[in-house]
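This report walks through selected parts of a molecular structure, chain by chain. Please keep the sequence and the three-dimensional view side by side while reading.

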Amino acid sequence: MRRFWVHVLIPVTIAGSLAFLQRTGVAQTEEPIRPIPPKVGFDSDRAAIGERLFHDVRLSPGRQESCASCHPLDHGGMDGLPVAMRPDGSSHLRNTPTVFNAALNTTYNWDGVAHTLESHADRIIRKLMKISWNEVIARLRSDSDYTSAFRAFYKDGLTRANILDALATFERSIITPNCRFDRFLRGQQDTLTEREARGYQLFKRYGCITCHQGINVGGNLYQKFGVFKDMASHKAPIDLGRIRITNVPRDEEVFRVPSLRNVAVTAPYFHDGREPDLTKAVETMAKVQLGKALPHEHADLIVEFLRTLTGEFRGALLPACTMEVRP
Amino acid sequence: MIKGRPFAIVAGLVLLLTYLFIESRPPDHGVRALMQQALQNMQLHEAELNRDVLMARAGLLRNYDSLGRSARELADDVETLKVQSTVLSGKKAGVIRNEIAALSAGIQNKLTWVEYLKSDNALLRNSVAYFNQSMRSVGVEGNTGRRSIEVAKLSHAMLQFVQSQEPGAKKEAQAALTRISALSKEQPDLKPLAVHGQVVVKMLASVDALLAHVVSPSTGDHEEALQHAMLAYAAEGERRAQGFRLLLYLVALVLLAYVLHLIARLRARARELRRKEMQLIQANKMTSLGTLVSSIAHEINNPNQIVLMNSGVLASAWTDAAVVLDNVRNDQAQFSLAAIPYCEMRETIPQLIQEIEDGARRIERIVSDLKTFARPGRGIQERFHLNDVVQRALRLLTHLVHKKTDDFQLRLADNLPYLEGNSQQIEQVIVNLVINALEALPDRRRSVTVTTYFDATRRAVGLDVQDDGVGIAEEHLSRLGEPFFTTKEATGGTGLGLAITTTLIRMHNGRLDFVSTPGKGTRARIELPCHEQALEFVKLERDG
């Protein structure tokens, strides 16, 4: 019996401990970017209501625009315009971020004014659509499909809070898992070409990774736009960024670091959409954020890596967003 | 009214007890548990945040996702505390809300600092990397006098500064950077060294200051204060609940006392009812006894009248016969009557006849008394004054009174209302009571007092006969009205006197009772109700 202990159990225990240590060792050298889980849990009934609302033009005063007008799901989740166009035809100050994977960001809008998807949707309806909640609720009440669906899946039926919850639930459901880079992170080393893998190494080595990290490759911190160079565009009115929210001097020209997931299909780039070309955008970032002129070859390699971040939505790779002027 | 009231009182007390029970529960228990939970979560999430911030500074944190998560959870915890605290009420709740507001502000500041720290730390890390990289490339390449000296100096100064960050070290590093910056105008490859060096100096100070803010225990103080405020709130609530528990106990005692009181009243009522029932049974017994007695009395009276009549005839016959028999004795020597010599019988027979007559008379009296007891006729109904009747009765008893006592007092009240009924029967009652009183006296020094009075509340005229006599044994008191109950058998009492008295008083709708202390005396009291008219009459007289 004693022999059993000495010869079997002790080695097994040591092996187990070693395996554990090895695992934690792996955890320590873990990549700064984490893959999106292939499946996320959400309430599919509520998400279905949310999807209908997302495409419903009754959320705009003139019954012309819906959430999907600026965030078309078949075009990378954003409109492809340098800056968004308001329902009244005037230009918004900033570029539309994609709605895909929005749930993985910690804050919303370029200045981080909204901390939840619900408050973001609320702001859009009140400030961008410029429609009152009473009007929205009255319009939706007249639709028996909505009233019965809300009654079925929400205790208190059709209310402002439940409309926002349905929209947010839908937004939480539209993530784009399974991009090639995520598969690489999960251990399929051969998923990336040699050039793409080198691009990733350069991405890390140049320090892009210090801001564009985490599950959403960004989207979880703020940074000054133009650390080493004043980036105020002289063409457009100067956008002061986050200072408009916080009133703290150090937040001048500070913006939320955007997620780089699906970056290849969500041109143009930067908060004011000034750059339609991804390679040029990478070079600009290196120059103004890192104080470094990137060799052209390196910028190309990094862009090749960035293209591996394009994920799948409903089983198909996200199609590229072509710039088009809406009718 | 009387029937409903105890029920209403009991129902009221029960309602009060229910209210007190509800109030005596510890208040807002669920809310406080939720808040306690939120506070604990907050401490946990803050610890996580602090850990991750320190790891980020040390370059061990792979990404900022966990910081974002902790921030969101902290915001949720604060929200939970805020929402739950609105339910709380009372003076201490204000303190709790103030503490939560302070804590919320503290957390808000902390999260802002964390955001700045993330931004600055990112810049710092990059610039440190670039600085080292530039240092390597510059160091390997250059070897031309001043340039390599300045680079070495910068390298040294920066190393010093990164290690200690003292004002001197910072100044030295900045000076070295300024010199390199000046040199870089001619030698542009030095430029990154100057630029990133400046970022490092600037950001390192900023990051460490922010780090100090973030991990400072300021929110911990608020958390502790909130914890105390919540404990104080709970203690206050508990005190209040304890007060209500005490009240609950007291009201329960009152309820118990009231129920006991009701039970006592019920028992008294039951006793009274039983007594009334006994009286009723007694009265029925008397009535049937009366019927029986009157028929027997009639049957006895007829033969007795013959005996009485015949004894008279027999007496006068004996008077005549005695003359003849005397002559016979004178002629002849001796002869006997009923085996007794005549000379002896000559004296005895008149005595025998007298005894027959006395016996018959006694029978006659008893029968007459029995008749009076059984069927006292209502007789004539008249208005009379009690005082007059008392005086009439006493005139009859003057002899007996003088024989029995030296201390007889009569206290007659003025202005008594008149009574209606049969005054002779009342006179008989008074005679009976006074005779009883007199006969109870063991010697002449004891007193008898007769008092009349008017009791306005009971609308009755009363008479007390108070004696200092031997008193009545307690066990006899209840039997006084029974016919043939007597303690004076030896002296020839028939046991009908008080029975008749009781009957007569009852016929006048009056009351008769006795209060007696054995050895000290007895008070007999009769009360006779007055008529309305009589009362008005008295009032008129009094008013003048």
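Of the 327 residues that make up chain A, 50% count as buried, where buried means under 20% relative accessible area, exposed means over 50%, and partly exposed is in between (1.4 Å probe, protein chains only). This is a predicted model, in which local features need pLDDT of at least 70 and side-chain atom pairs count only at pLDDT 80 or more, while totals for chains, interfaces and linings use all residues. Residues are numbered from 1 along each chain as its sequence is written, chains are lettered from A and ligands numbered from 1 in the order in which they are written, and side-chain values use heavy atoms, with hydrogens and water left out.

## A helix in chain A

Chain A has twelve helices and four strands; helices (H or I, at least four residues) and strands (E, at least two) are DSSP runs, numbered from the N terminus. Among contacts in chain A between residues at least 6 apart in sequence, 67% join residues at least 24 apart, a contact being heavy atoms within 4.5 Å.

Which residues of helix α6 of chain A are buried? In this helix, which spans residues 144–153, they are Y146(A), T147(A), A149(A) and F150(A). These residues lie on the same side of α6(A), because they cover an arc of only 170 degrees around the axis, the arc being that of the directions from the helix axis to the C-beta atoms. An α-helix has 3.6 residues a turn, so residues three or four places apart point the same way. The buried residues of α6(A) pack against α2 (44–54), α5 (133–141) and α7 (160–173) of chain A, whereas the face turned away from the buried side carries the exposed residues S144(A), R151(A) and A152(A). At the N-terminal end of α6(A), D143(A) acts as a cap, with a side-chain oxygen 2.9 Å from the backbone nitrogen of D145(A).

## A sheet in chain B

Chain B contains an open sheet of five strands in the order β4-β6-β7-β9-β8, with mixed pairing; two strands pair if DSSP finds at least two bridges between them. Its edge strands are β4 (407–411) and β8 (511–517) of chain B, each of which pairs on one side only. From one strand to the next, the twist averages 15 degrees, where axes are lines fitted to C-alpha atoms, for helices over the stretch in contact, and angles run from 0 to 180 degrees between N-to-C directions.

Strand β9 of chain B (residues 521–529) pairs with β8(B) in the antiparallel sense over seven bridges, and F514(B) stands opposite A524(B) in β9(B). The two strands β8(B) and β9(B) form a hairpin with three residues between them, and in its turn G519(B) has a positive phi of about 90 degrees.

Two helices lie across strands of this chain. Helix α11 (residues 423–439) of chain B lies across β4, β6 (447–455), β7 (460–467), β8 and β9 of chain B, running at about 25 degrees to β7(B). Helix α13 (residues 497–507) of chain B lies across β8 and β9 of chain B, at about 135 degrees to β8(B).

## Cores and buried residues in chain B

The largest nonpolar core has 61 residues, and those with the most contacts inside it are L81(B), I96(B) and L154(B); such a core is a set of buried Ala, Val, Leu, Ile, Met, Phe, Trp, Tyr and Cys residues joined through side-chain atoms within 4.5 Å. Helix α4(B) gives the most to this core, with 15 residues. A second, separate core of 40 residues includes L370(B), V401(B), L496(B) and L535(B).

The table lists three buried residues.

| Residue | Place | Relative accessibility |
|---|---|---|
| S85(B) | helix α3 of chain B | 2% |
| E46(B) | helix α2 of chain B | 6% |
| L416(B) | loop between β4 and β5 (419–421) of chain B | 8% |

Leaving aside neighbours within four places in sequence, S85(B) is in contact with M35(B), I96(B), R97(B) and I100(B). On the same terms, the contacts of E46(B) are L74(B), I107(B), K110(B), T219(B) and E223(B), while L416(B) touches residues including H385(B), N387(B) and V538(B). L416(B) and F537(B) are 121 residues apart in sequence and 10.0 Å apart in space, C-alpha to C-alpha.

How values were computed
A polar contact is a pair of N or O atoms within 3.5 Å; within protein, one must be able to donate a hydrogen and the other to accept it, and residues adjacent in sequence count only if both atoms are side-chain atoms.
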